[in-house]
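Student: I have a model open and would like to go through it with you. Can we take it piece by piece?

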Amino acid sequence: VHRAVDWEPFEISVVPVPVDRDAAVRGGHVKFPDFPGLEHGIVYRTPTGELAPHAGRLAPQGIVRINGEEGLIDDLVGYGPQLISRLPVTDILDAEQLARLKQLGTRIVHVSDDESGDAVDVDGTYRDFWDATGASTLLSRPDVYLFGVADSEREIGDLVDAFLRAVPPPAAAHAEPVPAMA
C-alpha cells in the first residue's frame, strides 16, 4: 500500500505505508520470549534452599465475578499480596496467621467455578493454573510474582508461615513527626 503525499504545489511523492503494524501481534504471529522469573529475594524455597516449584513466576491474573461484578481479580479485590485458593483457607489457617496476613494487607480469596467461594473463576484461569501445577493455592507478592504454591492444608500453612517469616511486620509509626526537608 502506498500513499501519495503532496509536498509542494507541483511535487508528489509516493511512499510506502504499513497497513496495520500491529496486525501480526494481534494475530498471534509474533512469538514473544517468556517473561523472566525471579530466583532471588522473597520467594518460597524448599527445605534444602532450592527455589520451590513455580515460585518466582508471574502469578495468573484471571477474570472473576465477585458480588455480580466481573473483572480482573486485582481490580476487584485490590492490589498487594494475594492468597488465592480453591480451598477455604480462612478455615485452614489459624487466627495468628490470618491476623499477620491482614496486617500485611494480603487479600485472601476463595476462588471456585460456582458461587460457593468468594469469587467465581469466570474465564477458567485459576482452574487451568491448579490443573497445570497440581496446586490448590497460590500466594502472590505485590509485584504479581508468585511467592509460592501449595496443595494440601499442611502445605498451605507452611507456605503462609514461610511468607510471614520472609516479610517483616510493618514498622511501628514514628512517635514524633519526621521533619520536612529544607
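Student: Which residues have the most contacts inside the largest nonpolar core?
Tutor: Tyr44, Leu83, Leu101, Phe147 and Phe163 have the most contacts inside the largest nonpolar core, which has 19 residues. A nonpolar core here is a set of buried Ala, Val, Leu, Ile, Met, Phe, Trp, Tyr and Cys residues joined through side-chain atoms within 4.5 Å. Buried means under 20% relative accessible area, exposed means over 50%, and partly exposed is in between, with a 1.4 Å probe and protein chains only.

Student: What should I know about the model and the numbering?
Tutor: The model is predicted, local features need pLDDT of at least 70, side-chain atom pairs count only at pLDDT 80 or more, and totals for chains, interfaces and linings use all residues. Residues are numbered from 1 along each chain as its sequence is written, and side-chain values use heavy atoms, with hydrogens and water left out.

Student: Back to the core. Which elements give two or more residues to the largest one?
Tutor: Those are S9 and H6. H6 supplies the largest share of this core, 6 residues. Helices (H or I, at least four residues) and strands (E, at least two) are DSSP runs, numbered from the N terminus.

Student: And what is Tyr44 in contact with, leaving aside its neighbours within four places in sequence?
Tutor: With contact meaning heavy atoms within 4.5 Å, the list for Tyr44 is Glu50, Leu51, Ala52, Ala55, Phe147, Gly148, Val149, Asp158, Leu159 and Ala162. There is also a second, separate core of 15 residues, which includes Ala59, Ile84, Val111 and Ala135.

Student: Now the sheet. What is the strand order?
Tutor: The open sheet has 7 strands in the order S4-S3-S7-S6-S5-S8-S9, with mixed pairing. Two strands pair if DSSP finds at least two bridges between them.

Student: Which strands stand at the edges?
Tutor: Strand S4 (69-72) and strand S9 (146-150) do; each has a single partner strand, so one side of each is left without a neighbour in the sheet. From one strand to the next, the twist averages 25°. Axes are lines fitted to C-alpha atoms, for helices over the stretch in contact, and angles run from 0 to 180 degrees between N-to-C directions.

Student: How many bridges join S3 to S4?
Tutor: S3 and S4 run antiparallel and are joined by 4 bridges. Val64 has Gly71 in S4 as its bridge partner. The hairpin of S3 and S4 has 2 residues between the strands, and Asn67 there takes a positive phi near 50°.

Student: What about S7, in which sense does it pair with S3?
Tutor: The S3 and S7 pair is antiparallel, over 2 bridges, and Arg65 stands opposite Val120 in S7. Strand S6 (residues 107-112) pairs with strand S7 (residues 119-121) in the parallel sense, over 2 bridges. Ser112 is the residue opposite Val120 in that case.

Student: Which helix lies across those strands?
Tutor: Helix H5 (residues 125-133) lies across strand S3 (63-66), strand S5 (82-85), S6, S7, strand S8 (137-140) and S9. H5 runs at about 105° to S8.

Student: Which way do the S3 side chains point?
Tutor: They alternate: Val64 and Ile66 point to one face and are buried, while Ile63 and Arg65 point to the other and are not. At 26% relative accessibility, Arg65 is partly exposed.

Student: Which residues does Arg65 form salt bridges with?
Tutor: Glu70 is one partner, with the closest N and O atoms 2.9 Å apart, and Glu115 is another, with the closest N and O atoms 3.5 Å apart. The Arg65 and Glu115 pair links distant parts of the chain, 50 residues apart: Arg65 is in strand S3, Glu115 in the loop between S6 and S7. A salt bridge is a side-chain nitrogen of Lys or Arg within 4 Å of a carboxyl oxygen of Asp or Glu, and by this rule there are 6 salt bridges.

Student: Is Glu115 buried or exposed?
Tutor: Glu115 is exposed, at 60% relative accessibility, whereas Glu70 is partly exposed at 46%.

Student: How far apart are Arg154 and Asp158 in helix H6?
Tutor: They are 4 residues apart in helix H6 (residues 153-166), so about one helical turn separates them. They form a salt bridge, with the closest N and O atoms 2.8 Å apart.

Student: Last one: where is Arg141 found?
Tutor: Arg141 is in the loop between S8 and S9 and is buried, with a relative accessible area of 14%. Among its contacts beyond four places in sequence are Leu38, Pro81 and Phe147.
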